[in-house]
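Grab a coffee and open the viewer. Here is a short set of exercises, each with a worked solution to check yourself against.

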Amino acid sequence: MTPLLRHVLLPLMAPTFFFVVAATPVEVLGCRNRGLLALLIVGVSLIGAVAATVAGTRGRARGRLGHRWWATTALILLLPAIALVFLA
């Protein structure tokens, strides 16, 4: 698996799913279910962002070259949380 796929395209699924849920009409899922799905996506995304931050920090401390990819992953995974704050 290439670093672009692993660290950019796969993490982009979280913001995509979040915005799809946010754009779904209330009549389709219901208000409570949309909110719970959005919170679930944000929670999983934040856990992934923390894990990516830890992996990037460890990689930087050990002198590995791929630590910038982990920082990119963490920033991408923070997008749903930022969007939730601005949309709420």
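The exercises below go from the overall fold down to single residues, and the model they use is a predicted one.

**Exercise 1. Get the overall layout: count the helices and strands, then describe the chain as a whole.**

Solution.
- Start with the secondary structure: the protein chain has five helices and zero strands, so to speak the pattern α-α-α-α-α along the sequence.
- Next, box it in. Along the principal axes, the C-alpha atoms fill roughly 50 × 20 × 15 Å.
- Then look at burial: of the 88 residues in the protein chain, 28% are buried.
- For the surface, expect about 6,100 Å² of accessible area, with 73% of that belonging to carbon and sulfur atoms.
- Finally, check the contacts. Taking those in the protein chain with a separation of 6 or more, 66% join residues 24 or more positions apart.

**Exercise 2. Take helix H4 and work out how its span compares with expectation, and what its buried residues pack against.**

Solution.
- H4 covers residues 31-61, which is 31 residues.
- From its first C-alpha to its last, H4 reaches 45 Å, close to the 45 Å expected at 1.5 Å a residue.
- Now list what is buried on H4: Arg-34, Ala-38, Ile-41, Val-42, Ser-45, Ala-49, Ala-52, Gly-56 and Gly-59.
- Those buried residues pack against helix H2 (13-23), helix H3 (26-29) and helix H5 (67-87).
- Past the end of the helix, look at Gly-63, which follows H4 and has a positive phi, near 80 degrees.

**Exercise 3. Find the largest nonpolar core and say which elements build it.**

Solution.
- The largest nonpolar core has seven residues, namely Phe-18, Val-21, Ala-38, Ile-41, Val-42, Ala-81 and Ala-83.
- Sort them by element: H2, H4 and H5 are the ones that give two or more residues to this core.
- H4 supplies the largest share, with three residues.
- Zoom in on Val-42. Leaving out residues up to four places away in sequence, Val-42 touches Phe-18, Pro-80, Ala-81 and Leu-84.
- As background, nonpolar side chains tend to be buried together in soluble globular proteins.

**Exercise 4. Locate the aromatic pair, classify its geometry, and decide for each ring residue: buried or partly exposed?**

Solution.
- There is one aromatic pair in the structure, made by Phe-18 and Phe-19.
- The ring centres are 5.4 Å apart and the planes sit at 75 degrees. Edge-to-face calls for planes over 60 degrees apart, so this pair is edge-to-face.
- Phe-18 counts as buried because its relative accessibility is 2%.
- Phe-19 counts as partly exposed because its relative accessibility is 43%.

**Exercise 5. Contrast Val-26 with Thr-73: where does each sit, how covered is it, and what does it touch?**

Solution.
- Val-26 is in helix H3, while Thr-73 is in helix H5.
- With 38% relative accessibility, Val-26 is partly exposed. Thr-73, at a relative accessible area of 5%, is buried.
- Setting aside residues up to four places away in sequence, Val-26 touches Cys-31 and Arg-34.
- With its neighbours within four places in sequence left out, Thr-73 is in contact with His-7, Pro-11 and Ala-52.
- One last distance: Val-26 and Ser-45 are 19 residues apart along the chain, and their C-alpha atoms are separated by 23 Å.

Notes:
Residues are numbered from 1 along each chain as its sequence is written. This is a predicted model: local features need pLDDT of at least 70, side-chain atom pairs count only at pLDDT 80 or more; totals for chains, interfaces and linings use all residues. Side-chain values use heavy atoms; hydrogens and water are left out. Helices (H or I, at least four residues) and strands (E, at least two) are DSSP runs, numbered from the N terminus. The expected span of a helix is 1.5 Å times one less than its number of residues. Buried means under 20% relative accessible area, exposed over 50%, partly exposed in between (1.4 Å probe, protein chains only). Contact means heavy atoms within 4.5 Å. A nonpolar core is a set of buried Ala, Val, Leu, Ile, Met, Phe, Trp, Tyr and Cys residues joined through side-chain atoms within 4.5 Å. Rings of Phe, Tyr and Trp (its six-membered ring) pair if their centres lie within 6.5 Å; planes under 30 degrees apart count as stacked, over 60 as edge-to-face and the rest as tilted. Accessible areas come from the Shrake-Rupley method with a 1.4 Å probe; for residues, only the protein chains shown count as cover.
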